[in-house]
Amino acid sequence: MSDPYATVVVVQLDVHDQIMVCASHGFDDLLDGVWRRNPIWISREKSRQRLARHRPAERWPGVPCRELTRC
C-alpha cells in the first residue's frame with residue numbers, strides 16, 4: 001500500500017436500505033489483514049497502548065503489524 005494511512009472503512013444503510021461502503025484510503029490493508037496506526041487520528045504512544053491491549057499477533061497469527069516499521 002503506497003498510502004501511509006490506515007484503512008478507514010464506513011459501512012451504512014442509505015435511506016433506501018442499500019448498503020453504502022466508503023473506504024477513503026482504499027481496501028489494501030483491510031484485505032491484506034494489516035494492522036497499522038493512522039497518524040492522523042492517534043499518537044504513537046496511544047497506538048502502542050492499543051496494540052499491547054489488543055495483541056493482534058497473538059489473536060490473529062499471520063497478521064502483519066506495521067505499527068513500528070511504517071509509522
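Me: Why is arginine 55 called partly exposed?
Reply: This is a predicted model. In it, arginine 55 has a relative accessible area of 40%. Buried means under 20% and exposed means over 50%. The value of 40% falls in between, so arginine 55 counts as partly exposed.

Me: Where does arginine 55 sit, and what is its phi?
Reply: Arginine 55 lies in the loop between helix H2 (44-54) and helix H3 (56-59). Its phi is near 45°. That is a positive value in a residue other than glycine.

Me: What makes the contact of glutamate 58 with arginine 55 a salt bridge?
Reply: The closest N and O atoms of glutamate 58 and arginine 55 are 3.1 Å apart. The rule asks for a side-chain nitrogen of Lys or Arg within 4 Å of a carboxyl oxygen of Asp or Glu. The 3.1 Å value meets that cut-off, so the pair counts as a salt bridge.

Me: How many salt bridges does this rule give?
Reply: The count comes to one salt bridge.

Me: Why is glutamate 58 called exposed?
Reply: Glutamate 58 has 59% relative accessibility. Exposed means over 50%. The value of 59% passes that mark, so glutamate 58 counts as exposed.

Me: Why is aspartate 17 exposed?
Reply: Its relative accessible area is 58%. The cut-off for exposed is over 50%. Therefore aspartate 17 is called exposed.

Me: What stands out in the backbone of aspartate 17?
Reply: Aspartate 17 has a positive phi of about 60°, although it is not a glycine. Aspartate 17 lies in the loop between E1 and E2. These two strands form a hairpin, with five residues between them.

Me: How do you know that E1 and E2 pair?
Reply: Five bridges join E1 to E2. Two strands pair if DSSP finds at least two bridges between them. Five bridges meet that requirement, so E1 and E2 count as paired. The two strands run antiparallel.

Me: Which residues stand opposite valine 9 and leucine 13 in E2?
Reply: Valine 9 stands opposite alanine 23. The bridge partner of leucine 13 is isoleucine 19.

Me: Which residues form the nonpolar patch on the surface?
Reply: Val9, Val11, Leu13, Ile19, Val21, Phe27, Leu30 and Leu31 form the patch. Together they have about 800 Å² of accessible area.

Me: Which elements supply at least two residues of the nonpolar patch each?
Reply: They are strand E1 (9-13), strand E2 (19-23) and helix H1 (28-32). E1 gives the most, with three residues.

Me: What makes leucine 30 accessible enough for the patch?
Reply: Leucine 30 is found in helix H1. Its relative accessibility is 48%. Patch residues need over 30% relative accessible area. The value of 48% is over that cut-off, so leucine 30 meets this condition.

Me: Why is leucine 30 called partly exposed?
Reply: Exposed means over 50%, and buried means under 20%. The 48% of leucine 30 lies in between, so the label is partly exposed.

Me: Why does proline 64 count as partly exposed?
Reply: Proline 64 has 22% relative accessibility. Buried means under 20%. The value of 22% is not under that limit, nor is it over 50%, so proline 64 counts as partly exposed.

Me: What does proline 64 touch?
Reply: Proline 64 lies in the segment after H3. It touches Asp32, Gly33, Val34 and Trp35, not counting residues up to four places away in sequence. The C-alpha atoms of proline 64 and arginine 36 are separated by 8.7 Å. These two residues are 28 residues apart along the chain.

Me: Why is arginine 66 called partly exposed?
Reply: Arginine 66 has 27% relative accessibility. Partly exposed covers values between the 20% and 50% limits, so the label applies to arginine 66. The place of arginine 66 is in the segment after H3. Arginine 66 and arginine 37 are 29 residues apart in sequence and 7.5 Å apart in space, C-alpha to C-alpha.

Me: What is the order of the elements in the protein chain?
Reply: From the N terminus on, they run β-β-α-α-α. That is three helices and two strands.

Me: How much of the protein chain counts as buried?
Reply: Of its 71 residues, 17% count as buried. The accessible surface of the protein chain comes to about 5,400 Å². Carbon and sulfur atoms account for 55% of that surface.

Notes
Residues are numbered from 1 along each chain as its sequence is written. This is a predicted model: local features need pLDDT of at least 70, side-chain atom pairs count only at pLDDT 80 or more; totals for chains, interfaces and linings use all residues. Side-chain values use heavy atoms; hydrogens and water are left out. Patches are made of residues with over 30% relative accessible area and no salt bridge: like charges are joined within 9 Å, nonpolar side chains (Val, Leu, Ile, Met, Phe, Trp, Tyr) within 5 Å. Accessible areas come from the Shrake-Rupley method with a 1.4 Å probe; for residues, only the protein chains shown count as cover. Helices (H or I, at least four residues) and strands (E, at least two) are DSSP runs, numbered from the N terminus. Buried means under 20% relative accessible area, exposed over 50%, partly exposed in between (1.4 Å probe, protein chains only). Contact means heavy atoms within 4.5 Å.
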